[in-house]
Amino acid sequence: MEAAIAPRPEVLVVEDETNIRELICLHLGLEHMSCVQAADGQAGLQLARERPFDLVILDLMLPGLDGVTVCRAIRRESRNVETPILMLTARREESDKVVGLDSGADDYLTKPFGVRELMARVRALLRRGPRAAAAEVSGTARPVTYKHIEIDPSRRRVRVGGRDVELTSQEFQLLYVLLSNPGIVFSREALLGRVWKDDTFVTGRSVDTLVKRVRRKIEENPAEPSVVLTVWGTGYKAADV
Ligand code: CA
């Protein structure tokens with residue numbers, strides 16, 4: 001019997017600085033990954049719309065479309081809605097971290113970075129594979145326990161304090177995304193991308209309505225939520241545990 005040959009992971013690298021882009025691709029190549037290069041946001045987004053990748057490495061500061069805009073667009077509608085995204089940023093401010101994660105990126109790395117650090121992040125993201133929200137659909141996501149709430153994606157079951165709670169698939173998806181990332185703020189746009197996927201007929205208001213419905217079902221006092229919190233001017237998060 002022949003051993004199965006693992007396919008070469010395909011990585012999209014969107015970076016306008018040629019030296020950095022080629023350095024990244026050189027090291028991806030050394031680890032038997034194939035690299036597709038884009039030198040600006042528009043080209044990167046175009047590629048992400050056309051074909052699926054195993055990972056996207058996306059620079060924040062790009063001419064034309066910036067990294068956050070590209071990231072949000074990839075999450076909203078492309079063939080890479082669930083693909084892990086590693087954001088590269090030149091600034092060290094904490095706000096970058098928030099902006100990056102909030103826009104739908106999975107991890108970020110501040111320039112200048114070492115090649116070892118980069119490759120460690122790349123391998124970790126590839127091991128993790130498509131996002132939790134995507135895995136939920138195929139029933140392979142891990143169960144999550146958050147305070148008194150248990151979520152079992154394989155059975156699509158939610159228990160609050162030992163009591164079964166019926167959720168629609170969108171309510172379930174929203175709760176799963178938030179509770180598997182406690183403390184992480186998700187913008188309405190990020191939640192739209194993860195809960196509704198390709199449906200373009202929804203707006204930020206749809207997220208607010210969905211959050212209200214979820215709160216009514218899982219919060220002890222929906223008027224003063226302790227699980228799904230509003231982050232004013234930004235979006236929602238699950239309270240830190
Ligand atoms: Ca740049």
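**A tour starting from helix 1**

Begin by selecting the elements that cover the buried residues of helix 1, which include strand 1 (10–14), strand 2 (34–38), strand 3 (55–59), strand 4 (85–89) and helix 5 (115–128); helices (H or I, at least four residues) and strands (E, at least two) are DSSP runs, numbered from the N terminus, and buried means under 20% relative accessible area, exposed over 50%, partly exposed in between, with a 1.4 Å probe and protein chains only. This is a predicted model, in which local features need pLDDT of at least 70, side-chain atom pairs count only at pLDDT 80 or more, and totals for chains, interfaces and linings use all residues. Residues are numbered from 1 along each chain as its sequence is written, and side-chain values use heavy atoms, with hydrogens and water left out.

Next select residues 18–30, the 13 residues of helix 1, which reaches 18 Å from its first C-alpha to its last, close to the 18 Å expected at 1.5 Å a residue (the expected span is 1.5 Å times one less than the number of residues). Show the side chains of Ile20, Arg21, Ile24, Cys25 and Leu28, the buried residues of helix 1. They lie on the same side of helix 1 because they cover an arc of only 130° around the axis, the arc being that of the directions from the helix axis to the C-beta atoms. Turning to the other side of helix 1, you will find Asn19 and Leu30 exposed. Just after helix 1, pick His32, which takes a positive phi of about 60°.

Now move to helix 3 (residues 67–76) and helix 8 (residues 188–195), whose axes come within 8 Å and cross at roughly 30°; axes are lines fitted to C-alpha atoms, for helices over the stretch in contact, and angles run from 0 to 180 degrees between N-to-C directions. Helix 3 and helix 8 are therefore roughly parallel to each other (angles under 35 degrees count as roughly parallel, over 145 as roughly antiparallel, 65 to 115 as roughly perpendicular and the rest as oblique). To see the contact (heavy atoms within 4.5 Å), select Arg72, Arg75 and Arg76 of helix 3 with Glu189, Leu192 and Gly193 of helix 8.

Keep helix 8 and add helix 9 (residues 204–218), where the two axes come within 9 Å and cross at roughly 80°, which means that helix 8 is roughly perpendicular to helix 9. Here Arg188, Leu191, Leu192 and Val195 in helix 8 meet Gly204, Val207, Asp208 and Leu210 in helix 9.

Finally, colour by pLDDT, the predictor's confidence in each residue, from 0 to 100, and select residues 133–139, over which pLDDT stays under 50.
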